[in-house]
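Colleague: I am new to this structure and would like to know what stands behind the words people use for it. Could you take me through them?

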Amino acid sequence: MRNIKRIIIPVLIVLSIFAVNVSCSNDEEIVLNPTEASGETPDSDGDSGTTAEGSEGEITLYKVTGNEISKIQDYKVTGKDLEYQKDVAKHKEIWSLVKKIVPVEQLKKMSEFLIYNGEVTGSAGFVIEIKRDLSDWRMGIAINYAYEGGFNARGELAYTIIHEFGHVLTLNDTQLDAAVTQESCKNYFPGEGCAFEKSYINELHSKFWNDIWSEYQDAKKDESAQQKFYEKYKERYVTQYASTNPGEDIAEVFATFTTLKEKPEGKTIAEKKILLMYNREELVNFRDHIRKNLALRKKGDAVTFELPKPGTWKQANSFGNPHKTKCRRH
Ligand SMILES: [Zn+2]
């Protein structure tokens, strides 16, 4: 037994390191429907059964209708994940925060909501397109991190939701044409499709990335080069994580735009990026909606914010995977 343990433990350590490194692996798959995604068919009796086995910590998948969720399926889980699965009140509490953050008309772009355990992938949240034309998205929220230190401690979960929805906002079919290939794309190509000329991400790229694009292309090859690139161009980014790629940059800019109380003056490029969002009326309305719904709240005698301080989320001072445009590692 001891010998087996001696072998198994190092193997598990290696596997868990590997799992963190490939944490964004589900980003590039196109999930056409939940049963196909899990590689299994639903229960023959037709109810939302517990048949699918997820490979990335999946616990329960919901369908989003309007701003309400209804269960599509529970994944086959055991142990701690089973406890999480049974704790439906927590799923609903997380969803109630999503509802406060994302206006119902914006939720039309997101028809699925997944509760998962983020330990497998090392991520606190993710989004992925479920239609190739980018018109429909799934958001996943890691229930274990959502309750780390208490529900939405330090506004971390709110920040995750804002950042993740920032990807949907900037990569959906009103922003990108998924039918145009990289070769024939005249604007910025984030990977999922060709950005429309007036899209948020194309504006950000053409104004604040284009002049350093070839330098960035070289830098993203390894992390020490990425670090040097970031040090050189620090004043361009709201967080270190934002320098990962334009996809992460715009999600971080959106989250900072939302969480920063005052409108910046535009002294740095990072501030100018935030001002780009102030130029778009619909984004200002989105920001107002979030700030109104997550206003200062009293908790007993203490007054707490549901929003974090800008740029303070856990991975703000790290890099993500430069080759993925919509992944948030924990
Ligand atoms: Zn992200």
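Modeller: Gladly; we will take the terms one at a time and set each value against its definition.

Colleague: What should I know before we start?

Modeller: This is a predicted model, in which local features need pLDDT of at least 70 and side-chain atom pairs count only at pLDDT 80 or more, while totals for chains, interfaces and linings use all residues. Residues are numbered from 1 along each chain as its sequence is written.

Colleague: What makes you trust one part of the chain and not another?

Modeller: We use pLDDT, the predictor's confidence in each residue, from 0 to 100. The protein chain has a mean pLDDT of 84, and 78% of its residues reach 70 or more. Over residues 8-47, however, the pLDDT is below 50, although this stretch has 44 contacts in the model beyond near neighbours in sequence. A contact here means that the C-beta atoms of two residues, placed from the backbone, lie within 7 Å.

Colleague: How many helices and strands does the protein chain have, and how do you know where they are?

Modeller: There are twelve helices and ten strands in the protein chain. They are DSSP runs numbered from the N terminus: H or I over at least four residues for a helix, E over at least two for a strand.

Colleague: Why is D218 called exposed?

Modeller: A residue is buried if 20 or more other C-beta atoms lie within 10 Å of its own, exposed if 12 or fewer, and partly exposed in between, with C-beta atoms placed from the backbone. D218, found in helix 8, has 12 other C-beta atoms within 10 Å, so it is exposed.

Colleague: And what makes N210 a different case?

Modeller: N210 has 13 C-beta neighbours inside 10 Å, so it counts as partly exposed. Its place is in the loop between helix 7 and helix 8 (213-219). The C-alpha atoms of N210 and Y188 are separated by 9.2 Å, with these positions 22 residues apart along the chain.

Colleague: How do you know that strand 5 is largely enclosed?

Modeller: Six of the six residues of strand 5 are buried, so the rest of the structure largely encloses it. Both faces are covered, with W137, M139 and I141 buried on one side and R138, G140 and A142 on the other.

Colleague: What makes strand 3 and strand 5 a pair?

Modeller: Two strands pair if DSSP finds at least two bridges between them. Strand 3 and strand 5 (residues 137-142) are joined by six bridges and run parallel. L114 has G140 as its bridge partner in strand 5, and Y116 stands opposite A142. Strand 3 also has five bridges to strand 1 (residues 58-65), and these two run antiparallel. There, L61 stands opposite L114. Strand 4 (residues 123-129) pairs with strand 5 over five bridges in the antiparallel sense, and V127 stands opposite M139.

Colleague: Why are the buried residues of helix 11 said to be on the same side?

Modeller: In helix 11, A270, K273, I274 and M277 are buried. They cover an arc of only 95 degrees around the axis, which puts them on the same side of helix 11. That arc is taken from the directions from the helix axis to the C-beta atoms. What covers these buried residues includes helix 7, helix 10 and helix 12 (281-293).

Colleague: What makes helix 7 mostly covered?

Modeller: Seven of the nine residues of helix 7 (residues 200-208) are buried, among them Y200, N202 and F208. The buried residues pack against helix 6, strand 7 (194-195), helix 10 (246-259) and helix 11 (269-278).

Colleague: Why is the largest nonpolar core said to lie between domain 1 and domain 2?

Modeller: A nonpolar core is a set of buried Ala, Val, Leu, Ile, Met, Phe, Trp, Tyr and Cys residues joined through C-beta atoms within 7 Å. The largest one has 69 residues, and those touching the most other members are I101, I143, A158, I161, I162, V253 and F254. Helix 6 (residues 156-171) gives the most to this core, with nine residues. Both domain 1 (2-154) and domain 2 (176-320) give residues to this core, so it lies between them. The domain bounds come from an automatic or database domain assignment.
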